[in-house]
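Work through the exercises below with the structure open beside you. Try each task before you read its solution.

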Amino acid sequence: FFPRDPRIPRARYLIGVAHFQAGRYQKAEAIFAGVAGDDDRPALQSEAFIMLSRSHARRGMLEQAMVDLHNLIAVSTQPAVIDRARYELGWLHVAAGQWPMAERAFDRIGPDNRPDYGIDELIDAVSRYDHIATKDPVTAGLLSIIPGGGQLYCRRYQDALTAFLLNAGLILSAWEAFDNELYALGGVISFVEFGFYSGNIYGAVSGAHKYNRDRMGEFRRELYRLKRTPVFLSTGASGVALCLRVDF
């Protein structure tokens with residue numbers, strides 16, 4: 001209704017936000033990408049880049065989300081905006097499990113904004129990624145030569161006992177069948193046991209991966225407790241606004 005209204009770019013941006021909140025991420029991205037190309041409104045442009053990155057991240061496109069933030073860093077001349085982009089970039093690396101890259105992104109935030117983001121405490125926490133307890137899937141598989149050994153290595157004690165008893169019982173049954181010259185029965189039991197024995201090895205390897213994912217998840221959740229809610233200045237035609245972002 002008002003094609004010449006100067007608030008039209010802001011309205012377009014808010015339409016994108018509405019699509020984002022409704023889960024229509026591709027529609028939101030199309031709008032944010034258009035607003036991000038508007039060099040005449042740097043404050044709105046930076047917000048569009050941030051939202052474009054978040055939308056890509058919501059769709060699991062972490063690499064593209066990182067590219068969006070790098071593009072914002074490249075076009076922006078405001079230290080506060082660049083530091084905010086680096087902060088968001090660091091958390092994307094955390095989400096991807098790229099701990100050294102997350103540490104570097106956080107460490108590049110300028111001295112003026114480091115206290116607001118709690119960077120020193122955050123970097124200290126991220127640097128402990130070397131201490132994450134993990135299990136080697138290959139070792140778990142090799143230990144499963146003895147049924148239940150791999151599960152025991154992964155601290156899945158109940159699964160270890162189940163795997164040992166089940167496989168030992170089938171092996172013993174097959175042995176008894178062959179010993180009593182019941183070759184057909186022994187063959188059937190051996191075939192069934194081969195499936196359980198293979199599953200025992202596969203389960204141990206899978207268990208090691210799951211154990212590592214759980215430990216990484218715990219470490220990531222501990223880091224998220226240090227995430228700050230950014231407070232930043234946004235410039236506009238009528239002045240400057242103090243903005244507070246709250247995710248819920």
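**Exercise 1. Locate Glu181, then decide whether Glu181 is buried or exposed.**

Step 1. Glu181 sits in the loop between H11 and H12. Keep in mind that this is a predicted model.

Step 2. The relative accessibility of Glu181 is 58%. Exposed means over 50%. Glu181 therefore counts as exposed.

Step 3. Check the backbone. Phi of Glu181 is near 60°, a positive value in a residue other than glycine.

**Exercise 2. Find the loop that holds Arg155 and classify its accessibility.**

Step 1. Look between helix H10 (149-153) and H11; Arg155 lies in that loop.

Step 2. Arg155 has 51% relative accessibility. The cut-off for exposed is over 50%, so Arg155 counts as exposed.

Step 3. Arg155 is not a glycine, yet its phi is positive, near 65°.

**Exercise 3. State which helix holds Phe164 and what Phe164 touches.**

Step 1. Phe164 belongs to helix H11 (residues 157-179).

Step 2. Leave out residues up to four places away in sequence. Phe164 then touches Pro147 and Gly148.

Step 3. Now take Gly149, 15 residues from Phe164 along the chain. The C-alpha atoms of the two are separated by 8.1 Å.

Step 4. Phe164 has a relative accessibility of 42%. Partly exposed covers values between 20% and 50%, so Phe164 counts as partly exposed.

**Exercise 4. Place Val192 and give its C-alpha separation from Ala174.**

Step 1. Val192 is in helix H12.

Step 2. Val192 and Ala174 are 18 residues apart along the chain. Their C-alpha atoms are separated by 9.8 Å.

Step 3. With a relative accessible area of 33%, Val192 is partly exposed.

**Exercise 5. Test the length of helix H1 and find where its buried residues lie.**

Step 1. H1 runs over residues 8-21 and has 14 residues. At 1.5 Å a residue, H1 should span 20 Å.

Step 2. The end C-alpha atoms of H1 are 20 Å apart, which agrees.

Step 3. List the buried residues of H1: Pro9, Tyr13, Gly16, Val17, His19 and Phe20. They cover an arc of only 160° around the axis, so they are on the same side of H1.

Step 4. These buried residues pack against helix H2 (25-36) and H3.

Step 5. Follow the chain past H1 to Gly23, whose phi is positive, near 85°.

**Exercise 6. Work out how H3 and H5 are oriented and which residues make their contact.**

Step 1. Take helix H3 (residues 42-58) and helix H5 (residues 79-95). Their axes come within 11 Å and cross at roughly 5°.

Step 2. Angles under 35 degrees count as roughly parallel. H3 and H5 are therefore roughly parallel to each other.

Step 3. From H3, the contact uses Ser46, Glu47, Ile50, Ser53, Arg54 and Ala57. From H5, Val81, Arg84, Glu88 and Leu92 take part.

Step 4. Sort the contact by class: four nonpolar, two polar and four charged residues.

**Exercise 7. Identify the buried residues of helix H6 and what covers them.**

Step 1. H6 spans residues 99-107, and its buried residues are Trp99, Ala102, Ala105 and Phe106.

Step 2. They cover an arc of only 120° around the axis, which puts them on the same side of H6.

Step 3. The cover over these residues includes H5, helix H7 (114-117), helix H8 (119-126) and helix H12 (183-224).

Technical notes
Residues numbered from 1 in each chain as written. Predicted model: local features only at pLDDT ≥ 70, side-chain atom pairs only at ≥ 80, totals over all residues. Heavy atoms only, no water. Axes fitted to C-alpha atoms, helices over the stretch in contact; angles between N-to-C directions. Helix = DSSP H or I, 4+ residues; strand = E, 2+ residues; numbered from the N terminus. Parallel < 35°, antiparallel > 145°, perpendicular 65-115°, else oblique. Contact = heavy atoms within 4.5 Å. Nonpolar A, V, L, I, M, F, W, Y, C, P; charged D, E, K, R; others polar. Expected span 1.5 Å × (residues − 1). Buried < 20%, exposed > 50% of the residue type's maximum accessible area, 1.4 Å probe, protein only. Arc of directions from axis to C-beta.
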